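Hello,

Here is the structure I promised to pass on to you. Please open it alongside this email, and then read on for what turned up in it.

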Amino acid sequence: MSGPECCSNPPSLNPIAGSGHVDKIGALNAYIAGSPNSNSAVLLVSDVFGYEAPNFRKLADKVAAAGYYVVVPDFLNGEPFNPENPNKPWPIWIKDHGTDKGFEDAKLIVEIIKSKGVSSVAAAGFCWGAKVVTELAKAKLIEVVVLLHPSLVSLDDIKGVDIPISILGAEIDRTSPPELVKQFEEILAANSVTSFVKIFPKVSHGWTVRYKPEDAEEVKAAEEAHQDLLDWFSKHLK
């Protein structure tokens with residue numbers, strides 16, 4: 001994820017987007033949607049543009065409407081990547097916002113969510129966030145995982161996953177090209193891991209959350225991916 005692709009088409013951030021609310025979970029701010037009394041929780045881990053992206057929060061609301069308690073932490077600590085900021089170009093920003101730190105923070109968040117009495121936790125990660133949730137899956141801290149247009153995820157990472165995993169990739173994606181996603185699929189099949197892998201035609205990296213709401217085709221492709229994510233949770237999150 002060193003190319004401009006993961007940083008293209010940045011959203012206009014809005015701290016009050018969505019029908020949920022922002023609260024503190026542990027040391028982090030988090031956007032929260034859905035009933036805290038639900039038995040199942042979903043952790044959503046954003047791309048480099050963070051948890052204030054309106055399309056991302058809209059998806060959180062959609063997942064909550066399906067009956068889940070949804071937690072979307074600000075793993076970037078109020079510093080989403082800003083392509084317009086000359087003082088924090090990509091190489092400097094990513095050093096300060098590594099997925100290893102994201103994983104450490106996510107472990108604590110999952111612990112806090114479980115302490116609230118939920119019986120199962122799923123996680124979905126987008127781009128940068130896909131690496132974070134893959135680490136949670138490898139550590140068996142969650143029950144179900146979905147990766148959407150993943151970044152930084154290696155073949156060795158996938159070899160370490162043995163919980164139900166869905167990987168949704170884009171046809172036009174230099175970060176995780178279809179060839180790599182196919183290799184992920186082969187590893188999971190060889191290891192008999194419950195999995196669903198799909199490459200969406202004619203879409204680019206980031207399509208599930210960086211679509212233009214006025215573009216019907218983009219919206220349709222994003223909504224198809226959202227439905228696949230919900231179907232996977234519905235099938236495997238007990």
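Let's start with a small puzzle: does F200 count as buried or exposed? With a relative accessibility of 2%, F200 counts as buried, because the cut-off for that word is under 20%. Please keep in mind throughout that this is a predicted model.

First, some orientation. The UniProt record, an unreviewed entry, places a feature called "domain: Dienelactone hydrolase" at residues 29–236. Within that span, 41% is helix and 22% is strand. The C-alpha atoms at its two ends lie 28 Å apart.

Helix α1

A good place to zoom in is helix α1, which covers residues 54–65. The helix has twelve residues, and from first C-alpha to last it reaches 16 Å, close to the 16 Å expected at 1.5 Å a residue. Its buried residues are N55, F56, R57, L59, A60, D61, V63 and A64. What lies over them? The cover for the buried residues of α1 includes the strands β1 (21–25), β2 (28–33), β3 (40–45), β4 (69–73) and β5 (120–126), along with helix α7 (216–236). Just after α1 you will find G67, which takes a positive phi of about 110°.

R57 deserves a second look: besides being one of the buried residues of α1, R57 lies over the face of Y51, at 4.9 Å from the ring centre.

Aromatic rings

How many aromatic pairs does a search of the whole structure find? The search gives seven. To describe such a pair, one uses the distance of the ring centres and the angle of the planes. Take F56 and F126: their ring centres are 5.1 Å apart and their planes meet at 80°, so this pair is edge-to-face. F56 belongs to helix α1 and F126 to strand β5, so the pair links distant parts of the chain, 70 residues apart. Both of these residues are buried.

Now back to F200 from the opening puzzle. F200 forms an aromatic pair with W207, and this pair is tilted, with 4.8 Å from centre to centre and 45° between the planes. W207 counts as buried too, because its relative accessibility is 7%. Elsewhere, F81, W90 and W93 form one aromatic cluster.

The strands around β2

Strand β2 is mostly covered, with five of its six residues buried. On one hand, β2 is joined to β1 by five bridges, and these two strands run antiparallel. Across that pairing, I25 stands opposite L28 in β2. The strands β1 and β2 form a hairpin with two residues between them, and G26 in the turn has a positive phi of about 65°. On the other hand, four bridges join β2 to β4, again running antiparallel. There, A33 stands opposite V70 in β4.

An exposed residue to finish

Is S234 buried or exposed? At 54% relative accessibility, S234 counts as exposed, because the cut-off is over 50%. S234 lies in helix α7, which is among the elements that cover the buried residues of α1. If you pick out S234 together with P73, you will see two residues 161 apart along the chain, with 22 Å between their C-alpha atoms.

Enjoy exploring, and write back with any questions.

Best wishes

Methods:
Residues are numbered from 1 along each chain as its sequence is written. This is a predicted model: local features need pLDDT of at least 70, side-chain atom pairs count only at pLDDT 80 or more; totals for chains, interfaces and linings use all residues. Side-chain values use heavy atoms; hydrogens and water are left out. UniProt positions are given in the numbering used here, feature names are shortened, and annotations may be inferred rather than shown by experiment. The expected span of a helix is 1.5 Å times one less than its number of residues. Buried means under 20% relative accessible area, exposed over 50%, partly exposed in between (1.4 Å probe, protein chains only). Contact means heavy atoms within 4.5 Å. Rings of Phe, Tyr and Trp (its six-membered ring) pair if their centres lie within 6.5 Å; planes under 30 degrees apart count as stacked, over 60 as edge-to-face and the rest as tilted. A charge sits over a ring if NZ of Lys or CZ of Arg is within 6 Å of the ring centre and within 35 degrees of the ring normal. Two strands pair if DSSP finds at least two bridges between them.
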